[in-house]
Amino acid sequence: MKKEENELQADALKPRIGFLVVAGVLCAGAVAVYMFEDMLVGTRGEGSVAFAFVLGFLVLSAMVFILFYRVPRLGNRLLGFDSVLTKEGKSEKSSMSYTGSFHVETGLAEKRMNTQRKIARHSRRHYAEVTRQMNTGKTDDKDQKTDKE
């Protein structure tokens, strides 16, 4: 079981060649757009803004896919290997809760909650003690009344 887990972990950390292929296609697209600039922009330059956005989008997308190849943890997280990459350790109580990739509850919030529980527990014990004292006081009064009669 542990060996299979280690193989999955190693497979999840390998760079995927598909990211390089996609980056190459995007680079080829950027070069093609640059080569046919005169057809896209027009004679009066009315499409120059669109040309700049398309070229910029293609270049930045290619750079992102190269980043996914160079940092396999990011690319494999995009491909769905996130459950393999995160280690499921012991079932200890975590000091932070996660929703997606964002922290929802911090350790400080948990500490405040524990303090409130402690205060509530103390006040319940105090009220129970006061109630017991009142009840014993009432039974003593009843005993004294029955003795007088």
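These legends walk through a few close-up views of a predicted model. Residues are numbered from 1 along each chain as its sequence is written, and side-chain values use heavy atoms, with hydrogens and water left out. Local features need pLDDT of at least 70 and side-chain atom pairs count only at pLDDT 80 or more, while totals for chains, interfaces and linings use all residues.

**View 1. Helix α2 from end to end.** Helix α2 covers residues 17-35, where helices are DSSP runs (H or I, at least four residues) numbered from the N terminus. With 19 residues, α2 reaches 27 Å from its first C-alpha to its last, close to the 27 Å expected at 1.5 Å a residue.

**View 2. The two sides of α2.** Here F19, A23, L26, A30 and V33 are buried, meaning under 20% relative accessible area (1.4 Å probe, protein chains only), with exposed being over 50% and partly exposed in between. Down the axis of α2, its buried residues fall within an arc of 80° (taken from the directions from the helix axis to the C-beta atoms), so they line one face of the helix. They pack against α3 (37-41), α4 (48-70) and α5 (72-79), with contact meaning heavy atoms within 4.5 Å. Turned away from that buried side are the exposed residues I17, V25, V31 and M35. V25 counts as exposed because its relative accessibility is 58%.

**View 3. Helix α5 and what comes after.** Take a look at P72, G75 and N76, which are buried in α5. Seen down the axis of α5, its buried residues fall within an arc of 95°, so they line one face of the helix. After α5 comes G80, with a positive phi near 105°.

Conventions: Helices (H or I, at least four residues) and strands (E, at least two) are DSSP runs, numbered from the N terminus. The expected span of a helix is 1.5 Å times one less than its number of residues.
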